[in-house]
Amino acid sequence: MANLTAYSTMNIAEANKRAGYDNFAAVLGDIAQRNEFLGQCPMYPASHGMENRAFQAKRIGSGTWSKANGPLQSISSEGDFLVEPVKMYEGDSQVDSRILDGADDPYKLRDSEDAMNLEGFLQGFTYDLFYVDNVAYPDALQSLSSRRGTLNANYTFGGSGTGSDLTSLWTFEFGPAACYMVYNKGGTPGIKSKDMGLERVTVPTGTGQMRAWVRHYEIWAGFVLRNNRAMIRYANIETAGTSNIFNATDYIKNVQAQLPNLGKNAVAFGNRTLVGQITADAYNKSNAAYSLRDIEGFGPVTYIGNVPVRMLEALINTETAITA
């Protein structure tokens with residue numbers, strides 16, 4: 001992944017490097033990321049302002065056999081409220097006004113910085129959604145890894161990998177009865193971008209202030225899991241070497257079989273390394289667990305059973321092995 005730890009502003013040397021660049025796509029070059037998770041996961045308004053409240057059945061009633069003049073069975077069901085907070089992820093893209101004053105094309109220079117910062121902003125949000133340390137960052141959403149942090153027979157399965165090169169394949173069934181994201185009621189779904197104009201801001205190093213052109217980015221989001229079977233993690237997959245790698249047959253027997261609709265409308269996400277391994281296996285025609293299908297707008301897509309596999313760079317190759 002690209003560097004997600006730079007919280008400083010652009011300097012003159014960096015501005016000079018960008019003089020005369022051709023277009024934004026070329027500027028991004030090899031650090032351009034694909035964020036297919038945010039493109040696939042639906043986003044709905046939260047039910048109650050800054051939190052979403054959903055009701056989930058945990059016990060349902062049943063009838064009994066009867067006969068004329070016999071007793072009538074009383075039926076009752078039971079459920080719980082699921083409350084998910086909506087949290088804010090935000091950041092400011094700042095460009096020193098003095099740098100722009102000396103640029104040949106100040107508008108283009110500022111746009112290039114803002115665009116790259118937005119790309120990093122989205123990478124950071126997606127990475128944190130899966131991996132953020134909720135102890136160190138209590139204001140963050142509860143990470144998906146913490147929700148699926150131990151192996152069990154229903155929602156979190158694992159390969160036999162134990163090395164330092166581990167990753168996971170995540171499978172979701174999206175929808176209002178499965179899992180989805182929410183934004184603050186009355187707010188804006190997705191990314192909010194606002195040009196704040198010229199502001200006095202704190203200098204990135206030392207003390208004092210400077211004038212900078214500021215563009216503010218923010219995402220208000222919560223993650224709602226209405227059906228636990230709608231999010232399944234297949235962990236402990238080794239990405240280096242030839243052992244303890246992904247097993248498609250095990251995936252179909254365990255993960256796909258547990259999904260609410262057995263994979264209908266499901267999507268699996270893995271990182272570039274894992275998706276490369278899975279795609280290579282798909283070209284091995286002796287393994288019927290894999291297939292390649294042309295999807296309009298995406299081209300050839302690898303399927304495991306009837307679940308398409310998409311690439312998500314935020315998923316890392318250095319996960320810690322999880323246990324029961």
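Begin by selecting glycine 270, which stands opposite methionine 311 in strand E14; the coordinates you are viewing belong to a predicted model. Widen the selection to the two strands concerned, and you will find that E11 and E14 (residues 307–311) pair in the parallel sense over three bridges.

Stay with E11, which spans residues 266–270 and has five of its five residues buried. Side chains in a regular strand alternate between the two faces of the sheet. Here Ala266, Ala268 and Gly270 lie on one side of E11, Val267 and Phe269 lie on the other, and both faces are covered.

Next, add strand E6 (residues 166–173), which pairs with E11 in the antiparallel sense over four bridges, and look for tryptophan 170, which stands opposite phenylalanine 269. From tryptophan 170, move to phenylalanine 172: the ring centres are 6.3 Å apart and the planes meet at 15°, under the 30 degrees required, so this pair counts as stacked. Both of these residues are buried.

Now select Phe37, Tyr127, Phe130, Tyr131, Trp170, Phe172, Phe174, Phe223 and Phe269 together, since ring pairs link them into a cluster.

For another ring pair, go to phenylalanine 246 and tyrosine 251, both buried, whose centres are 5.7 Å apart with planes at 55°, so the pair is tilted. Then display arginine 293, whose charged end sits over the ring of tyrosine 303 at 3.9 Å from its centre.

Finally, colour the chain by pLDDT, which averages 85, and turn to residues 1–6, where it stays under 50. Where pLDDT is low, the predicted coordinates should not be read in detail.

Technical notes
Residues numbered from 1 in each chain as written. Predicted model: local features only at pLDDT ≥ 70, side-chain atom pairs only at ≥ 80, totals over all residues. Heavy atoms only, no water. Phe/Tyr/Trp six-rings, centres within 6.5 Å; stacked < 30°, edge-to-face > 60°. Buried < 20%, exposed > 50% of the residue type's maximum accessible area, 1.4 Å probe, protein only. Lys NZ or Arg CZ within 6 Å of the ring centre and 35° of its normal. pLDDT = per-residue confidence, 0-100. Contact = heavy atoms within 4.5 Å. Pairing = 2+ DSSP bridges.
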